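Welcome! Let's take a guided walk through this structure, one feature at a time.

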Amino acid sequence: MSMETLWIYFFGLIFIAIFMILCLVYMLCKYTDPYPKVQRYEEEKYFTDPSSGQKQAFPSLDDEWSVNISVIVPAYNEEVRLPPMLDECLKYLESKKKSGFSYEVIVVSDGSTDKTVQVAQSYAKKFDTVRVLALVKNRGKGGAVRLGMQSARGSALLFADADGATTFSDLKKLDDSLRNLLGVDYISSPEKTAKSQAIVCGSRAHLEEEEKAKRSLFRLFLMYGFHFLVWFLCVKRVHDTQCGFKLLTRESARLVFTALHVERWAFDVEMLYIAEVLGLPVSEVAVEWQEIDGSKIVPVWSWLQMGRDLLLISLRYKLGAWKIAKAKQN
């Protein structure tokens, strides 16, 4: 084969590679919406008041705050793990009410097919601070958190996993970090907190060393590979992006969840990517955490889905296929 023929093959391969990359870029930009389109069924706009049995409309995140903190609990088929989590959560929050502290808990049943809604409603009957948002169909954890946030009244908003893996009293650590960021807190200065911008992330990064001994080499490879991809593609300032214990001011929740596209496991990464792009103050705080049986993450498959979503988050924002829409200002 002559040198001239080799050069023809070489440039032909380069042309094909460039053509395939351009096709990929076109598809990424063409078959996606620049701004998220959030579907909310009519029945999802209401909750049932257990005392009267009447339907009442959820408020909007664009409304003014009316309680110090809203706790959003996304739950998919969590009839077993939800009660211990709510017991701990409500015990902690109720203990603070004596000082004039106000709160609400919104349990978002993400299209559950078990008795999650009934279990949550049983708590709503005992505590008038609990509301249940029953989604018609499964959206994914990110979609459930988004709709819970958009239905909340808090000056600050926390989302906490239904499995109770994080010690709920560690909310105090997040509160202290928020106060350090803002100089105020949502208890003594709820109005100022609501209009400020900050996100505080609970973190399990300090537990990684002891977890190494419990994990197989394959799972360690997946863990470190995921951390590297998150850092390389999306988020530089937070080590543990996936801990389901994050506190946001009302304004930050508006900004982030108005722009959020991803509705499944990688939504935390996109949330923090948006925060970094917008320059929001973000901190990471070590919290106590324990493994709870019944995880919804499917080994390998869920990691592959998250890896795909990380790549799409990075590419679509960098290519301009996804835009960051700012929420309405008060």
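**A look inside**

Keep in mind as you explore that this is a predicted model. Our starting point is the lining of the largest cavity, which by class has 5 nonpolar, 3 polar and 3 charged residues. You can find these residues by name: Met85, Glu88, Ala160, Asp161, Asp163, Gly164, Ala165, Thr166, Phe168, Gly244 and Phe245 line the space. How much volume does the largest cavity have? The value is about 70 Å³. A search of the whole structure for cavities of 30 Å³ or more turns up 1.

Next, please turn to helix α3, which covers residues 116-126. Which of its residues are buried? They are Thr116, Val119, Ala120, Gln121, Tyr123 and Ala124. These buried residues have several partners to pack against. Among the strands, they pack against β1 (46-48), β3 (67-75), β4 (103-109) and β5 (130-134). A helix also takes part, namely α2 (82-95).

Our last stop is a pair of helices, α9 (residues 250-259) and α10 (residues 267-278). Their axes come within 9 Å and cross at roughly 115°, and the crossing is right-handed. Where do the two helices touch? On the α9 side, look for Leu255, Val256, Phe257 and Ala259; these meet Glu270, Met271, Ile274 and Leu278 in α10. By class, this contact has 7 nonpolar residues, no polar ones and 1 charged residue.

Note on methods. Residues are numbered from 1 along each chain as its sequence is written. This is a predicted model: local features need pLDDT of at least 70, side-chain atom pairs count only at pLDDT 80 or more; totals for chains, interfaces and linings use all residues. Side-chain values use heavy atoms; hydrogens and water are left out. On a 1 Å grid over the protein atoms alone, a cavity is a set of points where a 1.4 Å probe fits but cannot get out, and a pocket is an open set with protein on both sides within 12 Å along at least five of seven lines; lining residues have an atom within 4 Å of a point. Grid points are joined across faces, edges and corners, and a volume is the space filled by probe spheres set on the points. Ala, Val, Leu, Ile, Met, Phe, Trp, Tyr, Cys and Pro count as nonpolar, Asp, Glu, Lys and Arg as charged, and the others, Gly among them, as polar. Buried means under 20% relative accessible area, exposed over 50%, partly exposed in between (1.4 Å probe, protein chains only). Helices (H or I, at least four residues) and strands (E, at least two) are DSSP runs, numbered from the N terminus. Contact means heavy atoms within 4.5 Å. Axes are lines fitted to C-alpha atoms, for helices over the stretch in contact, and angles run from 0 to 180 degrees between N-to-C directions. A crossing is left-handed if the near helix is turned anticlockwise from the far one by less than a right angle, and right-handed if clockwise.
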